[in-house]
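Visitor: Could you take me through one part of this model up close? I'd like to start with a single contact between charged side chains and then work outwards from there.

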Amino acid sequence: MGKTSAFFIKTAVNLISRSKLSVLGGIIISVLAPVLLICVVLDIRGTVDNPYFGFLIYLIFGPLFVLGLVLLIIGIFISRGKEDIGLFTFEYIEEQLARPGRYTRIRRHILLSLIFTLTTLLLVVLVSYTGFHYTESTAFCGLTCHQVMGPAYATYQHSPHSRISCVECHIGKQSQWLTKSKFSGAKQLFAVLFNTYPRPIPQPITSLRPVRETCEQCHRPEMFHGDKLYIKDRFLPDEHNTHVQTALLMKIGSGGYLGRKAQGIHWHVSEDHPVFYKYADHAQEDVVQVWLQDGGQETHFYKTSETGKRDTNQQGTIRKMDCMDCHNRPTHVFRSADEALDEKLVTGIIPREIPFIKRQALKTITPHYDSVDAALQEISRALKEWYTTHYPDLVNQDKTLLDKAIAGVQQAYMENVFPAMHIGWGTYTDFIGHKNDSGCFRCHDGRHFTENGQTISNDCDSCHIILAENEPSPDVLGLLQKTLLHKEQP
Ligand code: HEC
Ligand code: HEC
Ligand code: HEC
Ligand code: HEC
Ligand code: HEC
């Protein structure tokens, strides 16, 4: 055995030292092999909790190791032909076998190469396996291509889905989508390397896996029922930043289940009567035709222009309606400037007691800035200047209050605007309501008619009952609270 290993080392050194390339490859491999092994073990055990650790192992050390291996092999092939240690080429083996004395030698060569191949193979498999899992992690998705994924990652972190991983929505478990996503992932990596990716990433994205399945791992709209109270907190741009509320009784409805009829908003997701539509633009905003399949019956609604002209043959792409036609922004929620500030005001991150803070903040965050730094500086400067001029007492008495407000306004900006990716206020459209006549009003606009004049309902009460609209302390909420209090203290 001692003899074999001495021979092993001697032959290996001989083989490798014949070529500079092989020497380089050999050095890379022998330095990286132990490092990689230790790192992978640490990573599997979760000892190191740094998102860039995985990046270092699987995207730098791993490929370097493989490069070393490739150099080594190329080197050996180039130095082929020296007589005492040839390669394991066909001619070489033939020649060796022809001479009986050399038979043991070739056996050793085979043993040597087997050991070498097996150990490196083991390491490569280990690294690729754990590396594959690394590419499924939120850290990889969100941080690797920092600038590209930055906006998606930032919005995700502030969403109700921030505890589920990116791949749960974007890839899923079916192998067909897995390969598809890895291929498109590799393509995207190239786009990042060569700086050719689109800014902003266009909406809608088309490489999500089939979405009903994705969402329905966790949500089941057929089990929903009844109405739900939605309360929206808003602040007016007046001196007191008056807090107003909108209360909507939302007809959430149900997708229908075990004989229970589908109704209300989630009526659309029932498989019993699928809704299809045809859109003429990339953004899926221009819906030219909608049709409903109910049993054997089909009802077609065609978009009609202001002059009453109806084009029944317009070209477009056909889509079956699913969750994404309403919930296209379930996690990457980009707010409008107004909403972003309202959210900071209602949570107290921006103090409400500062006069006119809503109005002044809105003025400083809405313009276009070339970079985040420029925006942050200008927000701070403009607010300080305005309050020093108009409310010097406030600035002198309690400096921390204004500083807190400035930080809150800057946060509202940073969470929603990403100049490097050309994402400004309102770049991405949310289909959930009917802001700017989009969303539900792409179809429910009273302008889609059947041949005999029937339209898709656009009666406000078919979707929600407006209990209060932008009212300071709405009666209805007061009443609810009173009733609840009574119940609690009989
Ligand atoms: C709850 C499901 C869900 C999770 C979790 C999720 N995404 Fe998304 N993501 C979506 C949907 C849906 C879209 C499509 C939006 C559209 O087409 O309008 C999207 C779009 C994107 C886009 C395209 C840009 C955009 O904003 O439309 C990127 C990039 C992205 N996601 C990255 C990520 C990353 C990175 C993570 C993890 C940090 C993540 N996503 C987690 C559902 C999800
Ligand atoms: C792995 C599980 C999981 C998946 C997949 C998932 N969600 Fe969720 N979703 C959650 C959890 C958990 C919450 C938070 C519930 C809460 O806070 O009450 C949530 C909340 C929501 C909400 C309520 C948001 C709010 O503001 O209250 C909506 C709407 C929603 N998800 C839609 C979707 C859609 C659409 C998809 C598919 C693209 C999806 N979800 C995929 C787990 C999931
Ligand atoms: C026709 C549009 C539409 C479709 C299609 C749709 N939803 Fe909804 N969904 C809504 C609206 C509107 C609300 C309530 C308002 C809001 O969330 O802002 C809602 C609410 C929800 C909620 C929160 C419910 C709660 O109790 O707070 C979840 C979760 C949800 N939908 C999941 C889904 C899933 C999963 C699908 C696909 C199978 C789906 N929805 C399809 C419009 C739709
Ligand atoms: C792609 C077109 C389309 C979009 C987008 C759309 N709907 Fe509909 N919706 C329909 C059609 C078609 C019907 C059936 C015709 C009707 O009832 O008027 C319908 C019916 C409804 C109904 C009545 C269901 C019942 O009980 O009969 C409600 C409520 C509704 N939609 C709410 C919404 C909401 C809320 C949104 C946006 C979040 C929305 N829809 C988006 C096409 C659409
Ligand atoms: C097809 C369904 C549908 C119809 C028809 C409809 N709405 Fe809505 N509306 C919605 C949904 C869904 C939301 C919730 C959006 C969200 O969650 O942000 C909403 C939100 C609102 C809000 C609150 C907006 C906010 O963010 O403060 C108001 C106000 C409103 N609708 C008024 C109306 C009025 C007035 C009509 C009649 C002209 C009407 N809606 C018709 C579906 C509908």
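Guide: Sure. Let's start with D338 and K358, whose side chains meet in a salt bridge with 2.5 Å from N to O. Keep in mind that this is a predicted model. The contact links distant parts of the chain: D338 belongs to helix α11 and K358 to helix α12, 20 residues apart. The two ends of this bridge sit in unlike surroundings. K358 counts as buried because its relative accessibility is 3%, under the 20% cut-off. D338, with a relative accessible area of 35%, is partly exposed.

K358 has another partner, D342, and here the salt bridge is 2.8 Å from N to O. D342 lies in helix α11 and K358 in helix α12, so this pair ties together parts that are 16 residues apart in sequence. Both K358 and D342 are buried.

Stay on helix α11 for a moment and look at E339. That residue forms a salt bridge with K435, and the closest N and O atoms are 3.5 Å apart. K435 lies in the loop between α15 and β7, so its bridge to helix α11 ties together parts that are 96 residues apart in sequence. E339 is partly exposed, at a relative accessible area of 21%. For the wider picture, a search of the whole structure finds 17 salt bridges. Elsewhere, R212, E216, E271 and K320 are linked in a network of them.

Now go back to α12 and step to F356, in the loop between α11 (337-346) and α12 (357-365). The charged end of R359 sits over the ring of F356, 4.1 Å from its centre. F356 also forms an edge-to-face aromatic pair with W386, at 6.2 Å centre to centre and 85° between the planes. W386 is in helix α13 (residues 372-390), 30 residues from F356, so that's another link between distant parts of the chain. Both rings count as buried, F356 at 16% relative accessibility and W386 at 18%.

From W386 you can carry on to Y387. These two form an edge-to-face pair as well, with 5.0 Å between centres and 80° between the planes. Y387 is buried, with a relative accessible area of 0%. Put together, F356, W386, Y387 and Y391 form one aromatic cluster. The count of aromatic pairs comes to eleven. There's also a charge over a ring at Y428: R329 lies over its face, 4.3 Å from the ring centre.

Next, the sheet. Five strands make an open sheet in the order β6-β3-β4-β5-β7, with antiparallel pairing. β6 (317-320) and β7 stand at the edges with a single partner strand each, so one side of each is left without a neighbour in the sheet. Strand β4 (residues 287-294) is mostly covered, with six of its eight residues buried. Five bridges pair β3 with β4 in the antiparallel sense, and Y279 stands opposite V287 in β4. On to strand β5 (residues 297-303): six bridges join it to β4, and the two run antiparallel. Q289 stands opposite Y302 in β5. The hairpin of β4 and β5 has two residues between the strands, and G295 takes a positive phi near 60° there. Back on the β6 side, four bridges join β3 to β6, with K278 and I318 as bridge partners.

Last stop, the metals. The iron atom of ligand 4 is coordinated by H268 (NE2) and H444 (NE2), at 1.9 to 2.0 Å. Its site is octahedral, with angles of 86 to 179° among six donor atoms. H268 comes from the loop between β2 (243-250) and β3 (275-279), and H444 from the loop between α15 (399-414) and β7 (448-449), 176 residues apart. That second loop is where K435 lies too. H444 is buried, at a relative accessible area of 16%.

The iron atom of ligand 2 is coordinated by H161 (NE2) and H219 (NE2), at 1.9 Å. That site is octahedral too, with angles of 87 to 180° among its six donor atoms. H161 lies in the loop between α7 (146-157) and α8 (166-170), and H219 in the loop between α10 (211-216) and β1 (228-235), so the pair ties together parts that are 58 residues apart in sequence. At 42% relative accessibility, H219 counts as partly exposed.

Methods: Residues numbered from 1 in each chain as written. Chains lettered and ligands numbered in written order. Predicted model: local features only at pLDDT ≥ 70, side-chain atom pairs only at ≥ 80, totals over all residues. Heavy atoms only, no water. Phe/Tyr/Trp six-rings, centres within 6.5 Å; stacked < 30°, edge-to-face > 60°. Buried < 20%, exposed > 50% of the residue type's maximum accessible area, 1.4 Å probe, protein only. Lys NZ or Arg CZ within 6 Å of the ring centre and 35° of its normal. Donors = N, O, S within 2.8 Å, 3.2 Å for Na, K, Ca; no water. Tetrahedral: all angles 85-135°; square planar, octahedral: opposite > 155°, others 65-115°. Pairing = 2+ DSSP bridges. Salt bridge = Lys/Arg side-chain N within 4 Å of Asp/Glu carboxyl O.
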